[in-house]
Amino acid sequence: MPELPEVEVTRRSFADKIVSATIMEVRMGKPLRWPLGASAHSLVGRQVVAVRRRGKYLLLDLDEGLLLLHLGMSGSLNFAPSQVPPGPHDHMDLVTNHGVLRLHDPRRFGAVVWAPSEASPQAQKLLGHLGVEPLDGQFDLAVFAKALKKRQAAIKQVLLAGHDVVGVGNIYASESLFMAGIRPTTRASRLSGPRVAKLHAAIVQVLSRAVQQGGSSLKDFVNAEGRTGYFQLEAAVYGRAGAPCRVCATPIRSLLQGQRTTFYCPTCQKP
DNA sequence: CCATATACCTGGCAGC
DNA sequence: TGCTGCCAGGTATATG
């Protein structure tokens with residue numbers, strides 16, 4: 001489900017409400033991808049200082065330590081004023097004096113991990129290798145171009161790896177490459193300077209637009225207020241195999257790259 | 001170091 | 001209907 005836009009939209013939908021709240025109780029459900037790394041009881045009394053995002057991780061800064069939240073493939077958060085009995089797929093409740101932050105995640109690829117600081121080994125194991133943030137002004141074209149020159153893999157897979165730029169998942173990789181006119185199978189190292197510049201701009205534009213639209217709700221994504229996103233309605237290629245390209249009417253094609261489906265227009269996107 | 005495959009888990013859907 | 005197989009927004013880890 002959640003790529004950078006969905007995680008950012010989720011962050012904005014509850015950050016103001018939970019900041020300065022005190023944790024009263026933590027309830028963990030079925031196991032998630034990783035253990036919490038602390039006893040639930042030890043979090044009681046901690047205060048939420050800020051809610052940040054790094055790549056597809058949400059960081060809840062506490063007055064002592066922080067919580068790293070990941071939504072995996074099927075996760076969503078909900079922030080509600082009062083507690084409702086948890087359903088079978090609700091695997092964490094962070095009960096605060098401002099309301100309850102609940103993680104709903106049927107596939108349980110998501111995670112909630114406590115770390116003593118962002119610089120700690122626990123946090124760095126998850127965040128340490130992440131590439132640059134695309135939307136915070138630090139996404140430098142020259143640095144990006146230099147990084148791509150070293151990558152021999154297909155550009156789609158380089159984007160998904162998140163080592164050079166974070167937040168671009170399966171939907172937005174296909175969409176960005178369409179906007180840039182680049183075939184997803186092209187080796188990253190072979191892209192010309194102008195084409196890398198187009199891709200750089202396309203990534204920023206696609207992700208920004210998706211945030212504006214509340215993310216993509218392909219199936220079940222909702223923000224912490226329960227609202228769906230609308231970007232899927234304007235997807236150019238994702239999920240549109242066989243349908244006519246919105247630019248040239250050529251049927252959109254799909255292929256597998258590293259076990260993930262990629263969508264592209266064979267006419268608009270050049271190798 | 002680099003690139004690719006695997007594992008984790010549940011639900012929905014197409015096809016028989 | 002009910003079964004089977006496949007697919008799904010991610011990513012650390014293992015393997016070549």
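## The sheet S2-S3-S4-S8

In this predicted model, four strands make an open sheet with the order S2-S3-S4-S8 and antiparallel pairing. Strands here are DSSP runs of E with at least two residues, helices are runs of H or I with at least four, and both are numbered from the N terminus; two strands pair if DSSP finds at least two bridges between them. Strand S2 (48–54) and strand S8 (111–115) are the edges, and each has a single partner strand, so one side of each is left without a neighbour in the sheet. On average, neighbouring strands are turned by 20° against each other, direction ignored. Axes are lines fitted to C-alpha atoms, for helices over the stretch in contact, and angles run from 0 to 180 degrees between N-to-C directions.

Helix H1 (residues 4–18) packs on this sheet, where it touches S2 and strand S3 (57–62); contact means heavy atoms within 4.5 Å. The direction of H1 makes about 170° with that of S2. Elsewhere in the sheet, strand S4 (residues 66–70) and S8 run antiparallel and are joined by five bridges, with Leu-68 opposite Val-113 in S8.

## The sheet S1-S6-S7-S5

Here is another open sheet of four strands, ordered S1-S6-S7-S5 and paired antiparallel. Strand S1 (23–28) and strand S5 (76–80) stand at its edges with a single partner strand each, so one side of each is left without a neighbour in the sheet. The average turn between neighbouring strands is 15°, direction ignored.

Strand S6 (residues 90–96) is joined to the antiparallel strand S7 (residues 99–104) by six bridges; Val-95 has Val-100 in S7 as its bridge partner. H1 appears here as well, lying across S5, S6 and S7 and running at about 30° to S5.

## Around DNA strand B

Now to the DNA. The residues near DNA strand B, meaning those with a heavy atom within 4 Å of it, include His-89, Arg-108, Ala-153 and Gln-259. These surface residues divide into three nonpolar, three polar and three charged. Of the strand B atoms within 4 Å of the protein, 55% belong to sugar or phosphate and the rest to bases.

A polar side-chain atom of His-89 lies 2.9 Å from a phosphate oxygen of DNA strand B, while one of Arg-108 is 2.8 Å from a sugar or linking oxygen.

## Reading the numbers

Residues are numbered from 1 along each chain as its sequence is written, chains are lettered from A and ligands numbered from 1 in the order in which they are written. Local features need pLDDT of at least 70, side-chain atom pairs count only at pLDDT 80 or more, totals for chains, interfaces and linings use all residues, and side-chain values use heavy atoms, with hydrogens and water left out.

Key: Polar contact = N/O pair within 3.5 Å; in protein donor to acceptor, adjacent residues only side chain to side chain. Nonpolar A, V, L, I, M, F, W, Y, C, P; charged D, E, K, R; others polar.
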